[in-house]
Amino acid sequence: QVQLVESGGGLVQAGGSLTLSCAASGRAFGTYAMAWFRQAPGKEREFVAAISWTDWRDTYYADSVKGRFTISRDNAKNTVYLQMNNLKPEDTARLYCAAAWFKDWETPEAGDEYAYWGQGTQVTVSS
């Protein structure tokens, strides 16, 4: 069992930055690939970024955030981060942290591969 708790969301003006954190507890953090998804009101949940459980250089990003967002992890702290720069109003959404056991992780952007989800943290970007 893995529990995920996101934090760091808030209100920011367009062009600003926020760093989200996802703290994990339970099963060994190092055995899980981690990802961030987001969902805006009336929209389906969409993939944002993911990071491998072994090679931390192995990262994946949605085209809409590539070059602006950076995912990273600190296994010693059981935490995954999402650094968001140059935020845009269209980035407004609830951000969810997700964990996939390495044996189930094949397609990083596939939400069905993630067994555990946090409650989310709201990111609101004003114009």
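Guide: Lys and Arg count as positive here, Asp and Glu as negative. The model is predicted.

Visitor: How far apart do the centres of the positive and negative side chains lie in the protein chain?
Guide: Start with the two sets. The protein chain carries 12 positive and 14 negative side chains. The distance between their centres is 5 Å.

Visitor: How many strands does the protein chain have?
Guide: Helices number zero. From the N terminus on, every element in the run is β. The strand count is 11.

Visitor: What is the radius of gyration of the protein chain?
Guide: For 127 residues the globule rule gives 14 Å. The protein chain comes close to that, so it is as compact as a globular protein of that length. Its radius of gyration is 13 Å.

Visitor: Is Arg 38 buried or exposed?
Guide: Arg 38 sits in strand E4, residues 32-39. Its relative accessible area is 6%. Buried means under 20%. Arg 38 is therefore buried.

Visitor: Which side chain makes a polar contact of 2.8 Å with the side chain of Arg 38?
Guide: Arg 38 touches several residues beyond four places away in sequence, among them Glu 44, Glu 46, Phe 69 and Asp 91. The side chain of Asp 91 makes a polar contact with that of Arg 38 at 2.9 Å. The partner at 2.8 Å is Glu 46.

Visitor: What separates the C-alpha atoms of Arg 38 and Leu 87?
Guide: Along the chain these two are 49 residues apart. In space, their C-alpha atoms are separated by 14 Å.

Notes: Residues numbered from 1 in each chain as written. Predicted model: local features only at pLDDT ≥ 70, side-chain atom pairs only at ≥ 80, totals over all residues. Heavy atoms only, no water. Helix = DSSP H or I, 4+ residues; strand = E, 2+ residues; numbered from the N terminus. Rg over C-alpha atoms; globule rule 2.2 N^0.38 Å. Charge placed at Lys NZ, Arg CZ, Asp CG, Glu CD. Buried < 20%, exposed > 50% of the residue type's maximum accessible area, 1.4 Å probe, protein only. Contact = heavy atoms within 4.5 Å. Polar contact = N/O pair within 3.5 Å; in protein donor to acceptor, adjacent residues only side chain to side chain.
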